[in-house]
Amino acid sequence: MDTTVLEPTPASNVGTTAPLLQLRGVSKRFVQDIDLAGRIANLLGAGHRASVVQAVAGVDLEIRPGEVIGVVGESGCGKSTLGRVIAGITPPTEGSVTFLGKPVDAMDAAERRAWGLGVQMIFQNPMASLNPRMRVMDIVGEAPVVHGLVKPSQKAEYVEGLMRQVGLDPGYAQRYPHQFSGGQRQRIGIARALALKPRLIVCDEAVAALDVSIQAQVLNLFLALRREFELTYLFISHNLGVVGHVSDRVVIMYLGRIVEVATTETIFSAPNHPYTQALLAELPRLDTTRRAYLPIQGELPSPLAPPPGCAFHPRCPHAMPRCKVEAPVLRPLQPGHTSACHLNDPAP
């Protein structure tokens, strides 16, 4: 069996219009039912109800082969939940996920296996996502052996090759996660994702827990692997500066919804949505001009009780009466640039 560590995606598939993965109307709700005490209290007229969190609400998104999409938003906006839905870790409550032109709900066992192997995820906290009782040899090499990508006799050679690709000494393969630094542990997580030869990797705040100098090393590693193997990334982050360094397109999320999508250049040079503009206004700049930092007013609303109409209207400096009752829809402003804001609606 071929023991090549990672096979490049064919060049003919990169940059084509056919999406690698497609989301249509994807929503995810988490419901916490009333406990026994609450049910007893309801018998006495307390009126307790089940708690419903709308983590993702009606998301439409296309990911094309070979591109890097950055997903940005404040904590609690649904970025990580969206990534878990794409990776198949969390099933959507509503909507459809399509991989290589086939809806996941209509896949047979072989196609579901291809989707499960083709989409991998790298998590934010490398220490929490690695089994502390397993050596690196097994953390990285167990899955490809189980799925028949390599023979058990080839496992050591395969893992050593992956460790070299992510910048780790193969001599550390028998160590445990606690014997590595944070940056090294994240590299182990990258090697584990690469081990199944994926088409798409979901990076959930993959550098947020690292020192700034280590962040740069890991980001450069992502870029190098992408160039070498034509990988596709969904890069989730709350840091627009990091996303601007690695992404081709940027998706801005607010309270479970996508509010703006555009190329990275457009997002940074001509942002349309007031929330995007507010995020960019707080980015650090290397100039000597005195600036008054004005954070976004108010707090991110609770997904347990989202505001009616446009979810951003309680914090938006341009809010109109219409924003309080009517939710805007994503409208195309120009090719490749969509935004959900009533300011873009044509005048009556």
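How many disulfides does a search of the whole structure find? That was my starting point today, and the count came back as zero. Note to self: this is a predicted model.

**Entry 1: the cysteines**

I wanted to know why Cys77 has no bonded partner, so I looked up the closest cysteine sulfur. It belongs to Cys310 and sits 14 Å from the sulfur of Cys77, which is too far for a bond. A disulfide needs the two sulfur atoms within 2.5 Å. Then I turned to Cys310, which is in no disulfide either. For Cys310 the nearest cysteine sulfur is that of Cys323, 5.8 Å away.

Are these two cysteines buried or exposed? Cys77 has a relative accessible area of 1%, so I put it down as buried. Cys310 comes out at 14%, and it is buried too. The cut-off I used for buried is under 20%.

**Entry 2: salt bridges**

Next I looked up salt bridges, and the structure holds eleven of them. I went through a few.

I began with Arg249 and Glu67, whose side chains meet in a salt bridge at 2.8 Å, N to O. Where do the two partners sit in the chain? Arg249 is in strand β9 (residues 249–254), while Glu67 is in the loop between β2 (51–63) and β3 (68–72). They are 182 residues apart, so I wrote this down as a link between distant parts of the chain. I checked burial as well: Arg249 is buried, and Glu67 is buried too.

Then I moved to Arg226 and Asp248, another salt bridge between side chains, with 2.5 Å from N to O. Arg226 lies in helix α8 (residues 212–229), and Asp248 is in the loop between α9 (240–246) and β9. These parts are 22 residues apart in sequence, and the pair ties them together. Asp248 has 30% relative accessibility, so I logged it as partly exposed.

**Entry 3: a network**

My third pair was Arg331 with Asp345, a salt bridge whose closest N and O atoms are 2.7 Å apart. Arg331 is in strand β11 (residues 331–334), and Asp345 is in the segment after β12 (337–339). That puts the partners 14 residues apart. I looked up accessibility for both: Arg331 is partly exposed at 34%, whereas Asp345 is buried at 14%.

Which residues are joined into one network with this pair? I found Arg322, Glu326, Arg331 and Asp345, connected by salt bridges that share partners.

**Entry 4: two helices**

I switched to helix packing and picked α5 (residues 136–146) and α7 (residues 182–194). Their axes come within 8 Å and cross at roughly 20 degrees. Angles under 35 degrees count as roughly parallel, so that is how I described α5 and α7. The crossing of α5 past α7 is right-handed.

Which residues make the contact? From α5 I listed Val136, Ile139 and Val140. From α7 I listed Ile188, Ala191 and Arg192.

**Entry 5: Ala319**

Last, I looked up Ala319, which is found in the loop between α11 (274–281) and β11. Ala319 has a relative accessible area of 35%, so I noted it as partly exposed. I also checked how far it is from Thr263: the C-alpha atoms are separated by 26 Å, with the two residues 56 apart along the chain.

How values were computed: Residues numbered from 1 in each chain as written. Predicted model: local features only at pLDDT ≥ 70, side-chain atom pairs only at ≥ 80, totals over all residues. Heavy atoms only, no water. Salt bridge = Lys/Arg side-chain N within 4 Å of Asp/Glu carboxyl O. Helix = DSSP H or I, 4+ residues; strand = E, 2+ residues; numbered from the N terminus. Buried < 20%, exposed > 50% of the residue type's maximum accessible area, 1.4 Å probe, protein only. Axes fitted to C-alpha atoms, helices over the stretch in contact; angles between N-to-C directions. Parallel < 35°, antiparallel > 145°, perpendicular 65-115°, else oblique. Left-handed = near helix turned anticlockwise from the far one by under 90°. Contact = heavy atoms within 4.5 Å.
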